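User: Could you take a close look at the nonpolar interior of this model for me? I would enjoy a connected walk through it, with the neighbouring details that help.

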Amino acid sequence: MKAIRRFTVRPVLPDTLRPLADLAHNLRWSWHEPTRALFESLVPPSEAAPNGADPVRVLGALEAPRLAAHAADRDFLARLDAAAEDLDHYLHAPRWYQGSSGDGPAAVAYFSPEFGVAAALPQYSGGLGILAGDHLKSASDLGVPLIGVGLLYRHGYFRQSLGRDGWQQEQYPVLDPGELPVTLLREDDGTPARITLALPGGRSLHAHLWIARVGRVPLLMLDSDVEENAPGERSVTDRLYGGGSEHRLLQEMLLGIGGVRAVRTYTRLTGHPAPEVFHSNEGHAGFLGLERIRELQGEGLDFDSALETVRAGTVFTTHTPVPAGIDRFDRALVARHLGDDGALPGVDLGRILALGDETPLGGEPGVFNMAAMGLRLAQRANGVSTLHGAVSRSMFAGLWPGFDAEEVPITSITNGVHAPTWVAPEVTRLSPDASDRELWELRRTLRERLVADVRDRLRASWRQRGAAAAELGWTESVLDPDVLTIGFARRVPSYKRLTLMLRDKDRLRALLLHPERPVQLVVAGKAHPADDGGKRLVQELVRFADDPRVRHRIVFLPDYGMEMARGLYPGCDVWLNNPLRPLEACGTSGMKAALNGCLNLSVLDGWWDEWFRPDFGWAIPTADGAASADEDRRDDLEAAALYELIERRVAPRFYDRGPDGVPSGWTAMVRRTLADLGPKVLADRMVREYVEKLYVPAAVARRALGPDRARDLAAWKARVREAWPKVAVDRVEVGDGLADDLADAELGATPVVRVRVTLGALGPDDVEVQAVTGRVDADDTLAATRTVTLKPAGGPDLEGRLPYAGTLELDRTGSFGCTVRVLPAHPLLAHPAELGLAALPEETTGEGAGVLLR
């Protein structure tokens, strides 16, 4: 028989144990070791989970006799009081943000489709969600007043297992909110708070709000599994990244539009300050800007004025370096769901569709692009590493015509990871003055712990695959705590190249079985359920690892997740990453490994391209030029380079032991990784940068844009766009003050630039005239440019042209060029390229246009 209803029976805690409920329902326990240990002590040894206790489930399973015993245990009560007092201090004492600039926003709403906060709340699939979880946790540690906004998926992402043939299989367990560290938001009368979206055909999508406490940060999670919904709408939040196109659109409408309404409900019921800044973590939540436009229109603003107001207070982060990673929907589908018969009545549908137009990016006219909309709705945008910022500026340059890619207004803030979550306690406690022997012994202890965990997981996996206990004796000798251990764990899209290590299987076997310097590999990762190509990669790896000749040296662990990762990163000596460059936007798994003293072996992509030093690990050479165009040849070359590095540099460094048995060269690299690389990869650094570079400027810009100024700015932009076709740059003269049109100049010279410009219906206050200099290539293309603002130099001539002039400073030698351009200028613009308008000379080369410096 199967139950037709499911419910949770909670224990009644004695008064002395009441603080346990608060501790269990604040996810700070997931990164606070004393609280974790407190709950682990509640679990009988015979029932202890190998990877720690989920406090909510622990409390739910406590029976009366055990509760009574703990209620009378003075030692336990003292630890409980200490943990409760520590949490109270953490939640209420001033932190970094409270002591920083007073310009910071009263609150920031941070939207993401997934959040990886703890394994006990499985609402993540991979790096995007883990990054979002770390963002919330570090914001909490720093006191940043963030409100997280996401969805509560009743099946989460999938659980992965393997069939007998190594093929990935998926299971979707039902998640009962009563067994999760979440509470239902209720109205003052006790009824559940509810968010409603109108859908076409008179239907409605209702959602309840669950709150997860992430330290000081509330995480609001919308849940469509409510009785008022029809079956189709009830299943909207069933699975993370599940269903077809319309299902996905409804999820993103609920996240963006419903998320804004959820924030309004939460602040109304709790008194929490309303957000001044809205941060969209990828395009999935982009509809949040449309809902805010609808709100402002209800307050009397027109669409354009509302758009300017929304843009001023919006931050957009892109995480993908390829167009294929962007959510795109059929325009007709979007029109049907967002029109007057849908979720946003009264908002101009034509303007909505224009925001998602991808044709400037070379896309299709019938497609609505969520990233294009996200960028158009945000005045500030960023990529997630320096390299990814450059890739993003190039990828989205079409949205800012007239500007070179390096001038596109997309900055970068390199991701970071939350150290208390990912660093083994023993590493945290390690003294900076620890000797090489102490450091090496710690590395062996962590490796030994990983080996034990791997053996347990491997046996469980083989039993799931149908093996009998009697045939699994070999698992007792899988891996060796004294062998160089390389880890590789991540999602399995093709660009991450899970099987690059298998390009030459004989050479890999030789590395694994080397008689003096053996290597062992621990591999994990999930392919998307709809990605059969990814599943074939998993199967190929599993079949190689099943080979009796090497199965003691290479393992594939199914169901990669946060708890597995917490043991994997500290226990590995080397973290391997071999994506196709530059398709890894950041790649934070190597950061987590580095914080534990694990060295990186990676392609120079994402964060590793930015912070690689030979002290921290090794860079895998990449195939450039013609070789990169031939996929097979490229993979062969890069795999050969990988084998060469492991064989000739990595393994020898690990096994080069001194008389005391310690590899001093290796421990020196570990020490420098912990001391020099560690501080760079922290999420605290990342969140501070978001505050200082994006949140504070966005809050200041939003405060400056009241209704009247928003109307004025919108009217000014409309006037500039209408007049811009008549703006023109006439002949440019470059001279040294004695002779015009220099052919060359001496270092240190200060030539004068003179130009006449036609502004049409615009005035000098509407524009900025710039001289742009830089190095030139054979095609006279400018690079490494610098700008000089030119000043008015008199009245208009007979044709109405205005003279401008300025002085260049020639402080670099080589072949340089110069041009002049006119840009729109307004004090409320965040960037000169904001409007995507620039007027250049009709001929940017030729007499007088170039300056040669020698």
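Analyst: Happy to; what follows starts with the cores and then turns to some loops and helices.

The model is predicted, so local features need pLDDT of at least 70 and side-chain atom pairs count only at pLDDT 80 or more, while totals for chains, interfaces and linings use all residues. Residues are numbered from 1 along each chain as its sequence is written, and side-chain values use heavy atoms, with hydrogens and water left out.

The largest nonpolar core holds 61 residues. Such a core is a set of buried Ala, Val, Leu, Ile, Met, Phe, Trp, Tyr and Cys residues joined through side-chain atoms within 4.5 Å; buried means under 20% relative accessible area, exposed over 50%, and partly exposed in between, with a 1.4 Å probe and protein chains only. F111, L222, M253, F287, L290 and L338 have the most contacts inside this core. Helix 8 (residues 245-270) supplies its largest share, eleven residues; helices (H or I, at least four residues) and strands (E, at least two) are DSSP runs, numbered from the N terminus.

L338 deserves a closer look. Leaving aside neighbours within four places in sequence, L338 is in contact (heavy atoms within 4.5 Å) with M253, I257, F287, L290, A343, L344, L349 and I352. Another core, of 48 residues, lies apart from the largest one and includes A527, A545, W618 and W666. In soluble globular proteins, nonpolar side chains tend to be buried together.

Some loops have backbone details of their own. E282 sits in the loop between strand 9 (277-281) and helix 9 (288-298); phi there is near 80°, a positive value in a residue other than glycine, and E282 is buried at 7% relative accessible area. D559, in the loop between strand 17 (554-557) and helix 20 (562-571), also has a positive phi, near 65°, and counts as buried at 16% relative accessibility. In the loop between strand 18 (574-577) and helix 21 (589-595) you will find P582; the peptide bond from R581 to P582 is cis, with omega near 5°.

Finally, consider helix 27 (residues 707-723). Its 17 residues should span 24 Å at 1.5 Å a residue, and the end C-alpha atoms are indeed 24 Å apart; the expected span is 1.5 Å times one less than the number of residues. Buried residues of helix 27 are A710, L713, A714, W716, K717, V720 and A723. Helix 10 (303-312) and strand 27 (814-824) are among what covers them.
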